[in-house]
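User: I would like to learn how to read a few features of a protein model. Can we take them one at a time?

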Amino acid sequence: MPAHIVAVSTSATKGVKKNNLPQARVLVNFGLAGDAHAGDWHRQVSLLAQESIDKMRQRGLDLKPGDFAENITTQGIDIPHLPIGTKLRLGNEVVLEVTQIGKACHHGCAIKQAVGDCVMPGKGFLPGA
């Protein structure tokens, strides 16, 4: 199966599950419009592989894209092993650059509390838009 986007998700608050959208607007050097993590810094958009979510689902958890607060859920991309600096093209107009692999869950992370674990520290990545 070719690599593709499974879902695009945003939230107005940090540390919560994100809502899936039919589409989103990517703002250059800022991130997804309306998302709490967007801004003028190095982690503007977060990605997570559907394969990582599926591994957590095998533990009996009811999870869907956006539940780990990722903006873009992909399938067919080995996200944890992409080198820093890798550029990914999304559609015809958006290019993301990998700036970090994983992110630490902050104290009181709603995702970790809800599902008992979080895959973002080692499996997600944060590119600049």
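Analyst: What follows goes through burial, contacts, a helix face, backbone angles and a pocket. Keep in mind that this is a predicted model.

User: Let us start with burial. Is Ser11 buried or exposed?

Analyst: The general idea is a cut-off: a residue counts as buried under 20% relative accessible area. Ser11 has a relative accessible area of 5%, so Ser11 is buried. As for its place, Ser11 lies in the loop between β1 (4-10) and β2 (19-21).

User: Which residues does Ser11 touch, leaving out those up to four places away in sequence?

Analyst: Ser11 touches Val16, Lys17 and Lys18, and also Gly34, Asp35 and Ala36.

User: What does the side chain of Ser11 reach at 2.8 Å, and which side chain is joined to that of Ser11 by a polar contact of 3.0 Å?

Analyst: At 2.8 Å, the side chain of Ser11 reaches the backbone oxygen of Thr13. The polar contact of 3.0 Å is with the side chain of Lys18, a residue that is also on the list of those Ser11 touches.

User: How many residues separate Ser11 and Ala69 in sequence?

Analyst: They are 58 residues apart in sequence, while their C-alpha atoms are 8.0 Å apart in space. A second pair of this kind is Glu97 and Val45: they are 52 residues apart along the chain, with 9.8 Å between the C-alpha atoms. Glu97 lies in strand β8. Its relative accessibility is 35%, so Glu97 counts as partly exposed.

User: Where does Thr74 lie, and which residues does Thr74 touch?

Analyst: Thr74 lies in strand β6, residues 72-75. Its relative accessibility is 1%, so Thr74 counts as buried. Not counting residues up to four places away in sequence, Thr74 touches His4, Ile5, Val6, Leu47, Leu48, Ala49, Gln50, Glu51 and Ile79.

User: Now a helix. Which residues of α1 are buried?

Analyst: Helix α1 covers residues 50-57, and its buried residues are Gln50, Ser52, Ile53 and Met56. The way to read such a list is to look down the helix axis: the buried residues of α1 fall within an arc of 160°, so they line one face of the helix.

User: Next, backbone angles. Which residue other than glycine has a positive phi near 55°?

Analyst: That residue is Asn29. Asn29 sits in the loop between β3 and β4 (31-32), and counts as partly exposed because its relative accessibility is 49%. Ala69 is another case, with a positive phi of about 65° although Ala69 is not a glycine. Ala69 is found in the loop between α1 and β6. With a relative accessible area of 4%, Ala69 is buried, whereas Asn29 is partly exposed.

User: Last, pockets. What is the volume of the largest pocket, and how many residues line this pocket?

Analyst: Rolling a probe the size of a water molecule over the atoms shows where empty space is left. Here the largest pocket has a volume of about 350 Å³ and is lined by 18 residues. Those nearest its centre are Ala24, Arg25, Val26, Leu90 and Val94. Two or more lining residues come from each of β1, β3 (26-27) and β8 (94-101).

User: How do the lining residues divide into nonpolar, polar and charged?

Analyst: The lining of the largest pocket has 13 nonpolar residues, three polar and two charged.

Definitions and conventions. Residues numbered from 1 in each chain as written. Predicted model: local features only at pLDDT ≥ 70, side-chain atom pairs only at ≥ 80, totals over all residues. Heavy atoms only, no water. Helix = DSSP H or I, 4+ residues; strand = E, 2+ residues; numbered from the N terminus. Buried < 20%, exposed > 50% of the residue type's maximum accessible area, 1.4 Å probe, protein only. Contact = heavy atoms within 4.5 Å. Polar contact = N/O pair within 3.5 Å; in protein donor to acceptor, adjacent residues only side chain to side chain. 1 Å grid on protein atoms, 1.4 Å probe; cavity = no way out; pocket = protein on both sides within 12 Å on 5 of 7 lines; lining within 4 Å. Points joined across faces, edges and corners; volume = space filled by probe spheres on them. Nonpolar A, V, L, I, M, F, W, Y, C, P; charged D, E, K, R; others polar. Arc of directions from axis to C-beta.
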